[in-house]
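I opened this entry to keep track of what I looked up, one topic after another. The notes begin with a working definition and then move from charged pairs to packing and overall form.

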Amino acid sequence: MSITLPSPTSPLIIGTRGSPLALAQAHETRRRLSSAFDLPEDAFVIKVIKTTGDKILDRPLKEIGGKGLFTREIEDDMLSGAIDIAVHSMKDMPVLQPEGLVLDTYLPREDVRDAFVSAGHEKLADLPSGAVVGTSSLRRRAQLLNYRPDLNVVEFRGNVQTRLKKLEDNVADCTFLAMAGLRRLDMAHVAKSAIETDEMLPAVAQGAIGIERRIDDTRAAKMLEAIHDIETGQRLAAERAFLEALDGSCETPIAGLSELNGTNMRLRGQVLRPDGSESIGDDVTGSIEDGAEMGRAMAAKLLAQAGEGFFEWRS
């Protein structure tokens, strides 16, 4: 199928949030598309869209609506035709897209680990009892309190630069960021250490960039096919099936990670009570093509295993 490629006079419009990390992800997408089709970079225009989640920074996400707060305005612009595609951090994406949109293109996944960031301590285990930890992630909060109930965890929202400034101002002794984001910003040196996944299982789809489009946009579909990373797609199929079966949202402390080894996939999942008082998890291996079913089966097992009230957020 032949398609009319974009040009500087008729560019493809890429929608994104305006944080430095979001812009870095949009620029990476533009570079990959430009290279794949031998087009000048000005055949693609990056449009910054401010979302509700970017405007409200003084309240926890669970109080103001969850993950959709970072996508709604962007998806509205795509449905109206104001943009052609949208670039997202996959760990922020709801598992279901609005009618008329599809999310089926992923760039190669970066480092999935969490980064420990602190001015005075080298690693998580070094924190003294009562240390103040800043994080806006319910998953990280629950994992920390499960591992170290002696820590004092406080709300810590904002982009990477905002959170680093809060550390400078001594609002907290440490915080946690995604290694993937730091690497994409050429700021990996900010991390005192990367936390191995056996110690802190990452968020579902952490480290992955997803690109959303209109279902009926055949040109965008064909162009995005050229930059899609198959292995990342296989891994996210399992992780996001696990998340969807658990009805996961920003009110849900859920972690999950799939890893490939030849034709096999290892899938690990974890769900916690928000206060960290209890954690349940599973670790399974199967064939790659069964990844989504593995995710759903793991979710069903954890739902059955959980005690009374564990999943009260589902009601």
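Before reading any accessibility value I fixed the terms: a residue is buried under 20% relative accessible area, exposed over 50%, and partly exposed in between. The model is a predicted one.

Entry: a pair in α10. I looked up Glu-293 and found a relative accessible area of 45%, which means that Glu-293 is partly exposed. Its partner Arg-296 comes out at 40% and is therefore partly exposed as well. The two side chains, Arg-296 and Glu-293, meet in a salt bridge with an N to O distance of 3.4 Å. Both residues lie in helix α10, three residues apart, about one turn of the helix. I noted alongside that an α-helix has 3.6 residues a turn, so residues three or four places apart point the same way.

Entry: other salt bridges. I counted 27 salt bridges. For Lys-47 I found a salt bridge with Asp-77, the closest N and O atoms being 3.4 Å apart; this pair links distant parts of the chain, since Lys-47 sits in strand β2 (residues 44–48) and Asp-77 in helix α4 (residues 72–80), 30 residues apart. With a relative accessible area of 31%, Lys-47 is partly exposed. Asp-217 and Arg-214 also form a salt bridge, with closest N and O atoms 3.5 Å apart, and here both residues are buried. I also noted a network of salt bridges that links Glu-110, Asp-111, Arg-113, Arg-183 and Glu-196.

Entry: a charge without a partner. Which side chain of opposite charge is nearest to Arg-235? I found Glu-239, 4.7 Å away, and Arg-235 is buried yet has no salt bridge. Because the criterion asks for a side-chain nitrogen within 4 Å of a carboxyl oxygen, I did not enter this pair as a bridge. Arg-235 is placed in helix α9 (residues 230–245). Leaving aside residues up to four places away in sequence, I listed what Arg-235 touches: Arg-109, Val-112, Leu-257, Ser-258, Glu-259, Leu-260 and Met-265.

Entry: helix α6. Which residues of α6 (residues 160–168) are buried? I found Val-160, Arg-163, Leu-164 and Leu-167. They cover an arc of only 100 degrees around the axis, which puts them on the same side of α6. I then checked what these buried residues pack against, and found β5 (114–118), α5 (138–147), β8 (174–178) and α7 (179–184). Just after α6, Asn-170 takes a positive phi of about 65 degrees.

Entry: cores. The largest nonpolar core has 25 residues, and those with the most contacts inside it are Met-90, Phe-242, Leu-246, Ile-254, Val-271, Ile-280 and Phe-311. The elements that give two or more residues to this core are β4 (101–106), α9, β12 (264–272) and α10 (291–305). Apart from it lies another core, of 17 residues, among them Leu-12, Ala-26, Leu-33 and Phe-44.

Entry: the whole chain. I counted 10 helices and 13 strands in the protein. The radius of gyration is 20 Å, close to the 20 Å that the globule rule gives for 315 residues, so the protein is as compact as a globular protein of that length. Along its principal axes the C-alpha trace spans about 60 × 45 × 35 Å. Buried residues make up 52% of the 315 residues. Of the contacts with a separation of 6 or more, 69% are between residues 24 or more positions apart.

Note on methods:
Residues are numbered from 1 along each chain as its sequence is written. This is a predicted model: local features need pLDDT of at least 70, side-chain atom pairs count only at pLDDT 80 or more; totals for chains, interfaces and linings use all residues. Side-chain values use heavy atoms; hydrogens and water are left out. Buried means under 20% relative accessible area, exposed over 50%, partly exposed in between (1.4 Å probe, protein chains only). Helices (H or I, at least four residues) and strands (E, at least two) are DSSP runs, numbered from the N terminus. The arc is that of the directions from the helix axis to the C-beta atoms. Contact means heavy atoms within 4.5 Å. Lys and Arg count as positive and Asp and Glu as negative; His and the chain ends are not counted. A nonpolar core is a set of buried Ala, Val, Leu, Ile, Met, Phe, Trp, Tyr and Cys residues joined through side-chain atoms within 4.5 Å. The radius of gyration is taken over C-alpha atoms; the globule rule is 2.2 Å times the number of residues to the power 0.38.
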